[in-house]
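Trainee: Could you take a close look at one part of this model with me? I'd like to go through the sheets of one chain slowly, and then see what sits around them.

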Amino acid sequence: MTAAGSQEPRNRARPAPAARAGTDLAGLIALVARGEATAFDAVFEQIGPSVFGVVRRVIRDPAQSEEVTQEVMLEVWRSASKFDAGRGSATAWVMTLAHRRAVDRVRSVQKEAERERRVAVAEIPFDQVIEAVESGLERERVRRCLGSLTEVQRESVTLAYYRGYTYGQVASLLGVPTGTVKTRMRDALIRMRDCLGVPE
Amino acid sequence: MKLTKRSQIRDAHTLAGAYAMDAVSAPDRERFERHLAGCEECAQEIASLRETTAMLGTAAAEPVSAGLKERIMAAAAVTRQQPPADETEPVLLAHGTWARAGIWFRSLAWPSRLTLVTAGAAAAAVLAVAVVFGIANSSMQQQIDQAQASSQQIAVVLTAQDARMTTGTVAGGGTATIVMSGSRHALVFTAQGLHALPGSRGYELWLIGPAGTRPVGMLPAGSHGMTGPVIASGLRPGDHLALTAESANGSAHPDTPMMLDVAL
């Protein structure tokens with residue numbers, strides 16, 4: 001998946017059960033729930049870069065992003081037995097943990113820096129977010145689907161998801177009523193869902 | 001009545017997009033999750049929107065440093081995993097689980113400086129409390145939410161890279177253990193062997209410094225000789241942590257002599 005993904009774990013005492021061909025993330029997490037450290041290694045290789053990527057988008061600071069990535073991955077290790085494949089994909093489970101944790105971190109320090117951040121965010125061109133989403137088939141699809149949204153929808157999604165703002169903050173940034181932003185966010189995600197071919 | 005319910009549901013539905021992107025305030029999140037628990041349709045919509053936001057997330061993937069991966073693997077190796085749900089297990093009271101968290105916390109009280117790895121393990125232990133809460137009944141929900149929120153805050157302090165530990169002797173009996181993180185502007189306080197106070201009095205924790213004197217809160221009643229853990233946030237440079245015995249309702253200013261005064 002990335003440079004980190006092809007890295008050989010050090011001090012591997014025996015072949016990883018996770019290395020079996022075709023083991024998907026949900027299967028790996030089931031092995032992690034049984035305490036398989038090698039499966040956890042494979043989980044990290046599959047999803048670690050995504051976790052770090054989304055956390056860094058929201059938090060920005062690389063050192064803090066590494067800390068939060070560590071918290072998220074340890075939560076995956078700890079609560080692997082709580083993953084319920086009947087309620088969604090393993091990727092969605094991990095990414096939900098990651099995004100929420102990143103947002104919670106940002107909000108806990110937001111008050112002191114709120115004014116500066118408002119200015120800073122207002123100066124970031126929204127297109128830049130989409131530009132940064134580059135290469136790879138899935139990235140291309142996400143990019144294309146983001147491009148199919150209306151401007152307010154796209155801005156609402158990028159500010160909320162990639163910047164970690166609440167709908168109230170997004171409303172004040174965009175100068176539109178909160179009710180409108182709430183509706184746009186839902187409409188936008190439903191449109192993204194259909195565009196990306198996620199089952200309802 | 002029917003109309004009101006319908007409009008509430010519509011309202012909750014509208015929030016689904018914001019909720020799926022974590023773009024809701026804590027009270028909104030709580031309200032929506034209460035609604036979600038009884039709305040199968042909403043739960044399904046959220047599940048499909050979470051699959052969608054997950055793709056927004058994976059599209060942002062970035063290479064991670066080898067050092068980060070090593071730290072995570074090392075931390076996992078010393079972190080206890082949560083057991084799977086067992087419906088035959090009795091529900092523990094919040095009270096009992098805090099005592100348990102306290103014991104875990106006390107087991108930390110040996111090294112003078114916490115390493116990241118042991119702090120991670122301790123946080124795991126503290127967070128394991130949340131699992132037990134997870135099987136509690138709904139009437140306890142609010143209490144549980146609060147407890148989970150603070151156990152998460154506690155874990156954040158314990159896992160901070162700059163976490164350091166101090167102990168202090170309480171005048172009148174007892175030992176206080178404090179783990180603080182400058183980067184998180186917060187500390188975790190526990191005490192052992194505090195002298196029991198009459199019902200009309202209680203222990204109150206304070207932050208005192210150039211920024212003024214701020215009450216942190218009343219310590220909960222101890223259990224098995226352990227008090228806490230209690231989190232104090234909003235630390236400022238030059239703060240001291242102080243403990244006094246005040247009237248059970250608490251006081252806005254310390255009115256009695258300091259029983260503990262620790263420079264942070």
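In which order do the strands of the open sheet with E1 in chain B come, and with what pairing?

Mentor: Happy to, and keep in mind as we go that this is a predicted model. The order you're after is E1-E2-E3-E6, all in chain B, an open sheet of 4 strands with antiparallel pairing. At its edges are strand E1 (164-169) and strand E6 (226-233) of chain B, and each of them pairs on one side only. Ignoring direction, neighbouring strands in this sheet are turned by 20° against each other on average. For a closer view, take strand E3 (residues 186-192) of chain B, which pairs with E6(B) in the antiparallel sense over 6 bridges. If you want a spot to click on there, go to Phe189(B), which stands opposite Val230(B) in E6(B).

Now for the other sheet. Chain B has another open sheet of 4 strands, with the order E5-E4-E7-E8 and antiparallel pairing. Strand E5 (212-218) and strand E8 (260-263) of chain B stand at the edges with a single partner strand each, so one side of each has no neighbour in the sheet. From one strand to the next, the twist averages 25°.

Walk across this sheet with me, starting in the middle. E4(B) and E7(B) run antiparallel and are joined by 8 bridges. One handy pair is Tyr203(B) with its bridge partner in E7(B), Ala245(B). Carry on to the edge and you find strand E7 (residues 240-247) of chain B joined to E8(B) by 4 bridges, again antiparallel. Two residues help you find your place here: Ala242(B) has Asp261(B) as its bridge partner in E8(B), and Leu243(B) has Leu260(B).

Before leaving the sheet, stop at Gly209(B), which lies in strand E4 (residues 201-209) of chain B. Gly209(B) has 17 C-beta neighbours inside 10 Å, so it counts as partly exposed; a residue needs 20 or more to be called buried. Setting aside neighbours within four places in sequence, the contacts of Gly209(B) are Arg236(B), Gly238(B), Asp239(B) and His240(B). With Gly238(B), the C-alpha separation is 5.5 Å, although the two glycines are 29 residues apart along the chain. His240(B), another of those contacts, falls within the residue range of E7(B), 240-247.

Let's zoom out to the chain as a whole. Chain B has 8 helices as well as its 8 strands. Of its 264 residues, 39% are buried. Among contacts in chain B with a separation of 6 or more, 62% involve residues 24 or more positions apart.

Then there's the partner chain. In chain B, 48 residues are in contact with 66 residues of chain A. Four helices of chain B each supply at least two residues to the side that touches chain A: helix H2 (16-20), helix H4 (40-58), helix H5 (66-77) and helix H7 (116-134). H4(B) gives the most, with 12 residues. By class, that side of chain B has 28 nonpolar, 14 polar and 6 charged residues.

One helix pair is worth a look of its own. H3(A) and H5(B) pack at an angle of about 40°, their axes 10 Å apart, and the crossing is right-handed. From H3(A) the contact takes Glu66(A), Thr69(A), Gln70(A), Met73(A), Leu74(A) and Trp77(A), while H5(B) brings Leu68(B), Arg71(B), Ile72(B), Ala75(B) and Ala76(B). Sorted by class, this contact has 7 nonpolar, 2 polar and 2 charged residues. As for spacing along such a helix, an α-helix has 3.6 residues a turn, so residues three or four places apart point the same way.

What about helix H3 (residues 62-78) of chain A itself? From first C-alpha to last, its 17 residues reach 24 Å, close to the 24 Å expected at 1.5 Å a residue. Of those 17 residues, 14 are buried, so H3(A) is largely enclosed by the rest of the structure.

Last stop in chain A: helix H9 (residues 178-196), whose 19 residues should span 27 Å at 1.5 Å a residue, in agreement with end C-alpha atoms that are 27 Å apart. Its buried residues include Lys182(A), Arg184(A), Arg186(A) and Arg193(A), along with Leu189(A) and Met192(A). Just after H9(A) comes Gly197(A), with a positive phi of about 75°.

Methods. Residues numbered from 1 in each chain as written. Chains lettered and ligands numbered in written order. Predicted model: local features only at pLDDT ≥ 70, side-chain atom pairs only at ≥ 80, totals over all residues. Pairing = 2+ DSSP bridges. Axes fitted to C-alpha atoms, helices over the stretch in contact; angles between N-to-C directions. Expected span 1.5 Å × (residues − 1). Buried ≥ 20, exposed ≤ 12 C-beta atoms within 10 Å, placed from the backbone. Contact = placed C-beta atoms within 7 Å. Nonpolar A, V, L, I, M, F, W, Y, C, P; charged D, E, K, R; others polar. Left-handed = near helix turned anticlockwise from the far one by under 90°.
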